[in-house]
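Here is a short tour of one protein chain, written to be read with the structure open beside you. Take a moment to turn the view around before reading on.

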Amino acid sequence: MLRLVASATIALIADALGLLVAAIVVDGIGISVVGFVVAVVVFAVVDLLVQPLFRQLAFKQAPALIGSSALVATIVSFVVTATFTDGLSVSGSTAWFLGPLVVWAVAMLAQFLLPFVIFKKTLARARAERG
């Protein structure tokens with residue numbers, strides 16, 4: 001249970017970082033201060049629900065596409081969040097194309113690095129107990 005909460009927390013922070021970086025780097029993407037929390041929660045929930053579905057479909061139908069399931073889930077989450085919340089606004093085809101790519105890349109990197117930053121003491125303690 002603790003691992004699930006830790007994974008969800010890291011995914012939420014990673015998605016928030018991805019959306020923030022996309023808003024800063026890509027012209028045509030805006031995030032309102034008030035709607036940011038709602039946008040992040042909607043994005044993370046849609047991503048959490050859609051990603052396993054796409055991964056399972058890719059596994060059954062086209063195993064070579066399993067790696068791209070996270071990108072497809074990010075695109076779907078980005079479109080749903082921009083469409084149904086006021087927290088994320090996207091204008092222009094370049095923003096619609098680059099936005100999900102930036103969010104995906106930043107979130108993927110953050111999900112890889114955040115556990116080392118957030119759980120640094122826990123990891124050090126576990127290493128010390130093994131060694």
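## Starting from α1

Helix α1 is built from 24 residues, and from its first C-alpha to its last it reaches 34 Å, close to the 34 Å expected at 1.5 Å a residue. Please keep in mind that this is a predicted model.

Which residues of α1 are buried? They are Ile10, Ala14, Asp15, Ala16, Gly18, Leu19 and Ala22. The cover over these buried residues includes the helices α2, α3 and α4, together with the strands β1 (29-31) and β2 (88-90).

## The chain as a whole

Zooming out, five helices and two strands make up the protein chain. Following the sequence, you will meet them in the pattern α-β-α-α-β-α-α. Some overall values are gathered here:

| Property of the protein chain | Value |
|---|---|
| Span of the C-alpha trace along its principal axes | about 55 × 40 × 25 Å |
| Share of the 131 residues that count as buried | 29% |
| Accessible surface | about 8400 Å² |
| Share of the accessible surface belonging to carbon and sulfur atoms | 72% |

Contacts can also be sorted by how far apart the partners sit in sequence. Taking contacts with a separation of 6 or more, 71% are between residues 24 or more positions apart.

## A look at the largest pocket

Rolling a probe the size of a water molecule over the atoms shows where empty space is left. In this model, the largest pocket holds about 460 Å³ of space. It is lined by 20 residues, and those closest to its centre are Ala11, Asp47, Leu48, Gln51 and Gln111. Four elements each give two or more residues to this lining: α1 (2-25), α2 (36-61), α3 (69-84) and α4 (93-118).

Which element gives the largest share of the lining? That is α2, with seven residues. By residue type, the lining of the largest pocket divides into 13 nonpolar, four polar and three charged residues.

## One serine in α3

To finish, let us visit a single side chain. Serine 77 is part of helix α3. Is serine 77 buried or exposed? Its relative accessibility is 0%, so serine 77 counts as buried, the cut-off for that being under 20%. Setting aside neighbours within four places in sequence, the residues in contact with serine 77 are Phe43, Val46 and Asp47. Of these partners, Asp47 has already appeared above, as one of the residues closest to the centre of the largest pocket.

Key: Residues numbered from 1 in each chain as written. Predicted model: local features only at pLDDT ≥ 70, side-chain atom pairs only at ≥ 80, totals over all residues. Heavy atoms only, no water. 1 Å grid on protein atoms, 1.4 Å probe; cavity = no way out; pocket = protein on both sides within 12 Å on 5 of 7 lines; lining within 4 Å. Points joined across faces, edges and corners; volume = space filled by probe spheres on them. Nonpolar A, V, L, I, M, F, W, Y, C, P; charged D, E, K, R; others polar. Buried < 20%, exposed > 50% of the residue type's maximum accessible area, 1.4 Å probe, protein only. Contact = heavy atoms within 4.5 Å. Areas by Shrake-Rupley, 256 points an atom, 1.4 Å probe, with all protein chains shown as cover. Expected span 1.5 Å × (residues − 1).
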